[in-house]
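I opened the notebook today to look at how two of the chains meet and at what fills the interior. The entries follow the order in which I looked things up.

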Amino acid sequence: MNHLPQAWGRPRDDVYGAYDQSHFQMGGPNQHTQSPIVTGTSVVAAKFKDGIVIAADNLASYGSLARFTDVKRLRKFNDQVVVGFGGDVSDMQYLDRLLNSLDIRENYGSDGTPLNAKNLHTYLSKVMYKRRSDFNPLWNHLLIAGLDGEDKPFLASADLLGTTFSAPTLATGFGAHLAQPILRRSIPDEAAVPNVSREEAVLLVKEAMKVLFYRDARSMDKYSIAVVTKDGVELKQDEKLESQSWAFAEGIRGYGTQVN
Amino acid sequence: MGSPFSINGGACVAMVGKDCVAIACDLRLGMQALTVSNNFPKIFNYGDVYLGLTGLATDVATVSDLFRYKVNMYRLREERNISPQTMANLVSSSLYERRFGPYFVSPVIAGINQTTGKPFICGFDSIGCIDFAKDFIVSGTASDQLFGTCEGLWEPDLGPEDLFETVSQALLNAVDRDALSGWGAHVYIIEKDKVTKRLLKGRQD
Amino acid sequence: MASVFSGAPPQSGPGYSFKQTPTEAPSGTRQHGFYPYTDNGGSTLGISGADFTILAGDTRHTSGYNINTRYAPKLFKIGGEGPDNKGASIVLSVVGFAADGEALKERLDTIVKMYKYQHGKPMSVAACAQRLSHILYGKRFFPYYVHAILGGLDEEGRGALYSYDPVGSYEREQCRAAGAAASLIMPFLDNQVNFKNQYVPDSGSGHELQEKPRTPLDQNHVLELVRDAFTSAVERHIEVGDGLQVMIIKKEGIMEAFHPLKQD
């Protein structure tokens, strides 16, 4: 009988052999994240007349392996903010917990004004900048979508370096190359936003998601899409891309069915 | 050691005016930060054509001599001067011959075509890609600065005197912001049947 | 018979799983490092006059060949009241790594506002300029990767302009261009603002030559030079464009203007 309680229920070395801890890194110098592991790809978003649309697919990749196919990368913060996450999924889950605790704190001693998208963007960009300054970055690119203090559409980004910017349309990762030009064609500047209806914006973002699915190898056809307006957040997490046409693939060697 | 293009330093610029062209260069020759000579012109004349060469000084000398030989052979065979356009193609093909072991030079051509009477300028990269420009061509270690001054000072249809002032100010102010160029300048103003060469003193530091 | 349970306590200390820990980090080359900086492009420029200072900056924000946004201001009012700096008389422009620029702006703004709160008078530009130098030098070994230009009016009411390197070296100047297209704009400014390489006609030759005297420039003329400098830079530098933000600091206050630039 072993009288040390911390040993109870543990596999004993003399029975099972010592545990191989070569992959363990306790003690020694602390390791910071040097590269992302499980990753989410693009997030796309666009402003419209009285709100904002944001979308991201439900895939979390492990390198080139499509590892987790039901990961929700849009997070509703409250009735006026949605955050979209690109990049490392474990860092996303950390930020999710951080936002949960922030929300709880806000709802305790609150004066009744909830945090708006602008507030949350300031908060998250300071978290990101602090972590990069500690050489321990959160390996994400975030889009913060919602309404600002005057109930006007707000869209801004924050990345692992603490870089921030705002525009009428935004897309992270591969989407910055593929989706952003499509989005900008319809919404070139802030002046164009009042002329865009909710339906047009949703259609535009869905079209961008389709293009990304065609050409981004780390994407999938299941996605989440959220619309934020004064009436609240409408978040759908099990959408499927519709009316795909692979007709173009026939003409491309290596993409379609022909071999030579 | 840095890029072969910026060991010796130097700058060159060409501009188009109304029925005239200008080409100008600085006079410095250096070994990295050390100035070795303040009388190293980078513009060479081949009949109706003026060729500016910046980059590695040994290649400037070699390439200028190579084109003297080639243009002389052309003149003997054709019994006429080479035109700026023909010269441009000769420079381009000669540089591309050395595609995988290039001369480290950035040539500039300026001249007036004696048959058409039209001004002509162009520039090249070190493997012969031609840049036909309607306004100006810059090259050398002060090329960024020259782009700024030329873009700011140049305007269309400048007469010979105004073109001289413009090209001179563009060059002098550009080389004053480049540690590897300067120490005076040569300026050529080329008209249909007159060429004026002026020597500018400039800052001596 | 090692697999037979003996029931006796272990002899040489407990030998249980998850107890022993390696004391050395695994060796081998690291695959990917984290580089905490990036360059967000763009250019800024400042010119001081007799009773005014003009600062300008383009509004394009880039990462590599991507344009992140066509409107990201690089000019910030410092001091004054509240979050929109009402009544401020100092302007900071930052170009380089935008996240550092933003952090630097927030620190300086807080300090200038605290100064007024504690001393009951606004901070002078000279004091603010020195403080900014100290902030930058304070991060000497992990610098703010920015070229800063600070503009305002000095205690005599003349235009004051200070420019900085990333680690706090600073100097008061008549004019300064910074950022991606600084090398294009600066020689043009030397020529057009400080009349470099310009001489009085027929004033002699050699050392007798009289330099063209430097006269304080008219505000509209300076504004024209600023817009010329930027339209030129837009033509030849891919990181410059989209919009031009201009701030004119005079004793009446700060005027802000926006002019469109080419978006290609």
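How many residue pairs are in polar contact across the interface of chain C and chain B? I was working with a predicted model, and I found six such pairs, with both residues at pLDDT 80 or more. On the chain C side, I noted that helix H3 (182-192) and helix H4 (219-236) each supply at least two residues that touch chain B, and that H3(C) gives the largest share, eight residues. I then sorted the residues of this side by character and got four nonpolar, six polar and five charged.

Next I looked up the salt bridges, of which the rule finds two across the interface of chain C and chain B. I recorded one between the side chains of B:Glu151 and C:Arg236, at 2.9 Å from N to O.

For the extent of the contact, I listed 15 residues from chain C and 16 residues from chain B. The area buried between the two chains is about 1,400 Å², with 50% from carbon and sulfur atoms. C:Pro187, C:Asn197 and C:Arg236 supply 41% of the area that chain C buries against chain B, more than any other three residues.

Finally I turned to the largest nonpolar core, where, of 54 residues, B:Val13, B:Leu171, C:Leu45, C:Ile185, C:Leu189 and C:Val226 touch the most other members. Helix H4 (residues 160-175) of chain B contributes the largest share of this core, eight residues. Around C:Leu45 I noted contacts that include C:Ile54, C:Ile149, C:Ile185, C:Leu189, C:Val226 and C:Phe230. I also logged a second, separate core of 32 residues, with A:Leu160, C:Tyr37, C:Leu92 and C:Ala103 among them.

Key. Residues are numbered from 1 along each chain as its sequence is written. Chains are lettered from A and ligands numbered from 1 in the order in which they are written. This is a predicted model: local features need pLDDT of at least 70, side-chain atom pairs count only at pLDDT 80 or more; totals for chains, interfaces and linings use all residues. Side-chain values use heavy atoms; hydrogens and water are left out. Contact means heavy atoms within 4.5 Å. Buried area is the accessible area (1.4 Å probe) that two parts lose on being put together, summed over both. A salt bridge is a side-chain nitrogen of Lys or Arg within 4 Å of a carboxyl oxygen of Asp or Glu. A polar contact is a pair of N or O atoms within 3.5 Å; within protein, one must be able to donate a hydrogen and the other to accept it, and residues adjacent in sequence count only if both atoms are side-chain atoms. Helices (H or I, at least four residues) and strands (E, at least two) are DSSP runs, numbered from the N terminus. Ala, Val, Leu, Ile, Met, Phe, Trp, Tyr, Cys and Pro count as nonpolar, Asp, Glu, Lys and Arg as charged, and the others, Gly among them, as polar. A nonpolar core is a set of buried Ala, Val, Leu, Ile, Met, Phe, Trp, Tyr and Cys residues joined through side-chain atoms within 4.5 Å. Buried means under 20% relative accessible area, exposed over 50%, partly exposed in between (1.4 Å probe, protein chains only). Lists of a residue's contacts leave out its neighbours within four places in sequence.
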